[in-house]
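Biologist: I am new to this structure and should be grateful for a close look at a single part of it. Could you choose a starting point and work outwards from there?

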Amino acid sequence: MTSDFELSLDELRTVARYATEAALDVLPVFEVACPADARPRAAIEAAREFIDGAPRTRLQRVTSMDAHRAAKDAATEPARLAAQAAGDAASAAYLHPIAKAHQVGHILRAAANAARIAEIEAGEDPGAGDRALQRARERATPALIDILRRYPPAPTGRSRAAQLMTALDAALRR
């Protein structure tokens, strides 16, 4: 793999669509926990504007950072993970075309967070996470998998969400 490659706007929209679908699934988790905080929803709306053909602008960057700040402010792990997923959806418009493993997080972390939320909501049942990862695999298009394969495999992290992301990455690369 080379150190740099091209990512077209259509490819960035493919990544943003994938992350946004996962973030939308778990946005209600954040909104129930933090009903007065609209930052994650704003990030998803900014991502959707980009997906629908608008140019990437400062809007995606600002709302992404705001959603990540909402994640830091969240009182529960599920709410934090849901806000982070929304931030990742907006920031997907600015995925870097450099062959660094940490970039995989920008592609897959929202789906991994959704799987972790599923586990938590099911009383720490790993089967719920596995089912969520299966849905994430089914949602991945050939175009998304092609983009993912341009990057090195996801790094293995210590958190359960990071472990789920590594599992999803490996499954999609097969």
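Modeller: Let us start with E124, which is located in the loop between α5 and α6. The model is a predicted one. The phi angle of E124 is near 65°, a positive value in a residue that is not glycine. Most residues other than glycine have a negative phi. E124 counts as partly exposed because its relative accessibility is 47%, a value between the limits of 20% for buried and 50% for exposed.

The two helices joined by this loop can be taken in turn. Two packed helices are described by the angle between their axes and by the distance between those axes.

On one side of the loop is α5, residues 104-121, which packs against α8, residues 160-173, at an angle of about 120° with the axes 8 Å apart. This angle makes α5 oblique to α8. Their crossing is right-handed. From α5, the residues that make the contact are V104, G105, L108, R109, A111, A112, N113, A115, R116 and E119. From α8, the partners are R160, A161, L164, M165, L168, D169, L172 and R173. Sorted by class, this contact of α5 with α8 comprises 10 nonpolar, two polar and six charged residues.

Helix α5 also has a link to α4. D88 belongs to α4, which spans residues 77-91. With a relative accessibility of 1%, D88 is classed as buried, since the limit for that class is under 20%. Apart from its neighbours within four places in sequence, D88 touches A19, H68, G105, H106, R109 and A110. Among these partners of D88 are G105 and R109, which also take part in the contact of α5 with α8.

On the other side of the loop is α6, residues 126-139, which packs with α1 at an angle of about 145°, the axes being 11 Å apart. The crossing of α1 and α6 is right-handed. Here Y18, E21, A22 and D25 of α1 meet A136, R137 and R139 of α6. By class, the contact of α1 with α6 holds three nonpolar residues, no polar ones and four charged ones.

Further along the chain comes the loop between α7 and α8, which contains P152 and R149. P152 is partly exposed because its relative accessible area is 24%. R149 falls into the partly exposed class as well, at 42%. The C-alpha atoms of P152 and R39 are 31 Å apart, with the two positions 113 residues apart along the chain. For R149 and E77, the C-alpha separation is 30 Å and the separation in sequence is 72 residues.

Y151 is in this loop too, and takes part in the one aromatic pair that is counted. The ring centres of F5 and Y151 are 5.0 Å apart and the ring planes stand at 85°, so the pair is edge-to-face. F5 is in the segment before α1, whereas Y151 is in the loop between α7 and α8, so the pair ties together parts of the chain 146 residues apart in sequence. F5 and Y151 are both buried, whereas P152 is partly exposed.

Notes: Residues are numbered from 1 along each chain as its sequence is written. This is a predicted model: local features need pLDDT of at least 70, side-chain atom pairs count only at pLDDT 80 or more; totals for chains, interfaces and linings use all residues. Side-chain values use heavy atoms; hydrogens and water are left out. Axes are lines fitted to C-alpha atoms, for helices over the stretch in contact, and angles run from 0 to 180 degrees between N-to-C directions. Helices (H or I, at least four residues) and strands (E, at least two) are DSSP runs, numbered from the N terminus. Angles under 35 degrees count as roughly parallel, over 145 as roughly antiparallel, 65 to 115 as roughly perpendicular and the rest as oblique. A crossing is left-handed if the near helix is turned anticlockwise from the far one by less than a right angle, and right-handed if clockwise. Contact means heavy atoms within 4.5 Å. Ala, Val, Leu, Ile, Met, Phe, Trp, Tyr, Cys and Pro count as nonpolar, Asp, Glu, Lys and Arg as charged, and the others, Gly among them, as polar. Buried means under 20% relative accessible area, exposed over 50%, partly exposed in between (1.4 Å probe, protein chains only). Rings of Phe, Tyr and Trp (its six-membered ring) pair if their centres lie within 6.5 Å; planes under 30 degrees apart count as stacked, over 60 as edge-to-face and the rest as tilted.
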